[in-house]
Amino acid sequence: YFLFLSVIFGVAFILSLLYFIPSKKIKNVNFNSIWGGILLGLLNFYSTLFMLQALTFYDSSLYFPIYNLSYISLAALIGYIFFHEKLRKENWIGIAIATLAIVFITMEG
């Protein structure tokens with residue numbers, strides 16, 4: 001998986017450089033944007049790597065709902081804590097219903 005993802009992310013990086021460098025937008029770039037892009041790229045790379053590795057252990061019909069719910073819940077929690085976003089009652093109800101749906105999916109028999 002590591003080699004497969006390295007090639008995909010490497011090609012995407014090279015293509016983005018080929019697109020970005022000749023454009024006139026390069027004057028608007030600062031080092032914080034570059035470091036932020038590198039950090040997000042590494043997070044995406046390892047997130048995808050761990051997801052592919054997890055699929056060898058778990059059935060995809062069980063893994064993807066749990067993965068999606070955890071992603072949405074974590075994003076809502078980070079938004080609430082760090083960006084002081086207001087979560088409405090509907091948001092909390094949606095997360096609770098999704099959690100309950102996953103409990104039903106994982107139940108056997």
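Reader: What share of the 109 residues of the protein counts as buried?
Author: In this predicted model, a residue counts as buried when its relative accessible area is under 20%. Phenylalanine 45, at 9% relative accessibility, is one residue that counts as buried. Of the 109 residues of the protein, the share that counts as buried is 12%.

Reader: How many helices and how many strands are there in the protein, and what is its radius of gyration?
Author: There are 4 helices and 0 strands in the protein, and read along the sequence they give the pattern α-α-α-α. For 109 residues the globule rule gives 13 Å, and the radius of gyration is well over that, so the protein is more spread out than a compact globule. The C-alpha trace spans about 60 × 40 × 15 Å along the principal axes. The radius of gyration is 19 Å.

Reader: What percentage of the contacts with a separation of 6 or more is accounted for by residues 24 or more positions apart?
Author: The count concerns contacts in the protein with a separation of 6 or more. Within that set, residues 24 or more positions apart account for 63%.

Reader: In which helix is confidence lowest?
Author: The protein averages a pLDDT of 86, and 96% of the residues score at least 70. Confidence is highest in helix 1 (residues 2–20), at 90. The lowest confidence, at a mean of 87, is in helix 3 (residues 60–82).

Reader: Are the rings of phenylalanine 45 and tyrosine 46 stacked or edge-to-face?
Author: A search of the whole structure finds 8 aromatic pairs. In the pair of phenylalanine 45 and tyrosine 46, the ring centres are 5.1 Å apart and the planes stand at 90°. Planes over 60 degrees apart count as edge-to-face, so the pair of phenylalanine 45 and tyrosine 46 is edge-to-face.

Reader: Which of these two residues, phenylalanine 45 or tyrosine 46, is partly exposed?
Author: Buried means under 20% relative accessible area, exposed means over 50%, and partly exposed lies in between. At 9%, phenylalanine 45 counts as buried. With a relative accessible area of 36%, the partly exposed residue is tyrosine 46.

Reader: What angle lies between the planes of tyrosine 63 and tyrosine 67?
Author: Tyrosine 63 and tyrosine 67 are 4 residues apart in helix 3, and therefore separated by about one helical turn. Tyrosine 63 is buried, at 13% relative accessible area, whereas tyrosine 67 is partly exposed, at 23%. The two form a stacked aromatic pair, 5.6 Å centre to centre, and the angle between the planes is 25°.

Reader: Which residues do ring pairs link into a cluster?
Author: The edge-to-face pair of phenylalanine 45 and tyrosine 46 has already been described. Both belong to a cluster linked by ring pairs, and its members are Phe2, Phe9, Phe45, Tyr46 and Phe50.

Reader: What is the distance, N to O, in the salt bridge of arginine 88 and glutamate 90?
Author: The structure holds 1 salt bridge, in which the side chains of arginine 88 and glutamate 90 meet. Arginine 88 is exposed, with a relative accessible area of 54%. The distance, N to O, is 3.4 Å.

Reader: What is the phi of histidine 84?
Author: Most residues other than glycine have a negative phi. Histidine 84 is found in the loop between helix 3 and helix 4 (89–106), and counts as exposed at 62% relative accessibility. Although histidine 84 is not a glycine, its phi is positive, at about 55°.

Note on methods
Residues numbered from 1 in each chain as written. Predicted model: local features only at pLDDT ≥ 70, side-chain atom pairs only at ≥ 80, totals over all residues. Heavy atoms only, no water. Salt bridge = Lys/Arg side-chain N within 4 Å of Asp/Glu carboxyl O. Buried < 20%, exposed > 50% of the residue type's maximum accessible area, 1.4 Å probe, protein only. pLDDT = per-residue confidence, 0-100. Helix = DSSP H or I, 4+ residues; strand = E, 2+ residues; numbered from the N terminus. Rg over C-alpha atoms; globule rule 2.2 N^0.38 Å. Contact = heavy atoms within 4.5 Å. Phe/Tyr/Trp six-rings, centres within 6.5 Å; stacked < 30°, edge-to-face > 60°.
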